[in-house]
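These are my notebook entries on one structure, set down in the order in which I looked things up.

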Amino acid sequence: MIFRFLAMALAIALAVPVAALSQKETDDLVRFVDERQRNRGDFAGLCYMESREKDKTDVVNELVYYRRSEGQRFLILFTKPKSEAGKGYLRVEKNLWYYDPGTGKWERRTERERIGGTDTRREDLDESRLAQEYTAKWECDEKLGAHDAHRILLEVKPDVDVAYPRVRLWVDASSGNLLKRQDMALSGRLMRTMYLPRWKKVYSESKGMDVWYAQELRLYDEVEKANSTLILVKQVDLHPLDANMFTKAWLESKSR
């Protein structure tokens, strides 16, 4: 019901850009970006991740990530290559933990953690909560390639822990898909750019409608210009997960 209300409220905002968005239209647009990706249940994705760094051999990982809307729970399990299999991340009660089966130890990490040493951050694969974590401001409407896009500036809300305190979004004015994202330091320095060229939808029984997810994410380090990461989401599953999955014991059991 909430999703349908937002969709109706954005009928004008998602038309071909002709005028500035009001603050309400801007806020509705950001909520729409969040809501269309939210399952209101469980979510599992199989992911291919390729990382390139200057003067280093390209690194390819395969991982599975799991989300649960209730409690904002999130888990990553690396499955390939063999040297990385069993490693993972677990987010519980807004704390991010990293597990290394080689040492059997858990370490607390910040939201700036480079997942698997790549340009990826936890929030890139987790449920979108932009409206909860940031305040939004419409900047302008402009062309992004062949797309008419709304450009939105986000500023982190007080006492919220995120990887980047300032974010700029380009939202497709016809579909509502996120096309591009720039992540910035508090000073405004550009740190990272992300492109999301492909989106796909899958029907969710728990939500009673389609859920959208980015099939392809291309991330570019704006500090170390030669560094980049490609993420391909190869498969998703929206069926309920094991009730005890989002625990340290479950992740530890995968490496035994």
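**Entry 1: two residues with positive phi**

I began with aspartate 159, which is exposed at a relative accessible area of 82%. I use exposed for over 50% relative accessible area, buried for under 20% and partly exposed for values in between, with a 1.4 Å probe and protein chains only. I note that the model is predicted, that local features need pLDDT of at least 70 and side-chain atom pairs pLDDT 80 or more, and that totals for chains, interfaces and linings use all residues. Residues are numbered from 1 along each chain as its sequence is written, and side-chain values use heavy atoms, with hydrogens and water left out.

I located aspartate 159 in the loop between strand E8 (147-156) and strand E9 (166-172). Helices (H or I, at least four residues) and strands (E, at least two) are DSSP runs numbered from the N terminus. Aspartate 159 has a positive phi of about 65°, although it is not a glycine. I found a positive phi of about 65° at lysine 94 as well, again not a glycine. Lysine 94 sits in the loop between E4 and strand E5 (95-100) and counts as exposed at 62% relative accessibility. Most residues other than glycine have a negative phi, and most peptide bonds are trans.

**Entry 2: a cis peptide bond**

I next looked up the bond between lysine 80 and proline 81, which is a cis peptide bond with omega of about 0°. Proline 81 belongs to the loop between strand E3 (73-80) and strand E4 (88-92).

**Entry 3: glutamate 62**

Is glutamate 62 buried or exposed? I recorded a relative accessible area of 16%, so glutamate 62 is buried. Its place is in strand E2 (residues 59-68). Leaving out residues up to four places away in sequence, I listed its contacts (heavy atoms within 4.5 Å): glutamate 62 touches Leu46, Cys47, Phe78, Thr79, Lys80 and Lys234. With lysine 234 there is a side-chain polar contact of 3.5 Å. A polar contact is a pair of N or O atoms within 3.5 Å; within protein, one must be able to donate a hydrogen and the other to accept it, and residues adjacent in sequence count only if both atoms are side-chain atoms.

**Entry 4: nonpolar cores**

I then examined the nonpolar cores, meaning sets of buried Ala, Val, Leu, Ile, Met, Phe, Trp, Tyr and Cys residues joined through side-chain atoms within 4.5 Å. The largest has 42 residues, and Leu63, Tyr65, Ile76, Leu154 and Leu169 touch the most other members. Strand E12 (residues 209-221) gives the largest share of this core, five residues. A second, separate core holds 13 residues, among them Tyr66, Leu90, Tyr99 and Met245. For isoleucine 76 I noted contacts that include Leu63, Tyr65, Tyr89, Ile115, Leu125 and Leu251, not counting residues up to four places away in sequence.

**Entry 5: salt bridges**

How many salt bridges does a search of the whole structure find? I recorded 33, a salt bridge being a side-chain nitrogen of Lys or Arg within 4 Å of a carboxyl oxygen of Asp or Glu. Arginine 38 and glutamate 127 form one such pair (3.4 Å, N to O). Arginine 38 lies in the loop between H2 and strand E1 (42-52) and glutamate 127 in the loop between helix H3 (122-125) and helix H4 (130-133), so the pair ties together parts 89 residues apart in sequence. Arginine 38 is buried at 13% relative accessibility, as is glutamate 127 at 8%. Both residues belong to a salt-bridge network with Glu35, Arg40 and Lys207.

I also looked up glutamate 111 and arginine 122, whose closest N and O atoms are 2.7 Å apart in a salt bridge; both residues are buried. Arginine 181 and aspartate 183 meet at 2.6 Å, N to O, and each of the two is buried.

**Entry 6: the cavity**

Last, I searched on a 1 Å grid over the protein atoms alone, where a cavity is a set of points at which a 1.4 Å probe fits but cannot get out, and lining residues have an atom within 4 Å of a point. Grid points are joined across faces, edges and corners, and a volume is the space filled by probe spheres set on the points. I counted one cavity of 30 Å³ or more. The largest cavity has a volume of about 360 Å³. Its lining comprises 25 residues, with Gln37, Glu123, Asp124, Asp126 and Ser128 nearest the centre.

Key
On a 1 Å grid over the protein atoms alone, a cavity is a set of points where a 1.4 Å probe fits but cannot get out, and a pocket is an open set with protein on both sides within 12 Å along at least five of seven lines; lining residues have an atom within 4 Å of a point.
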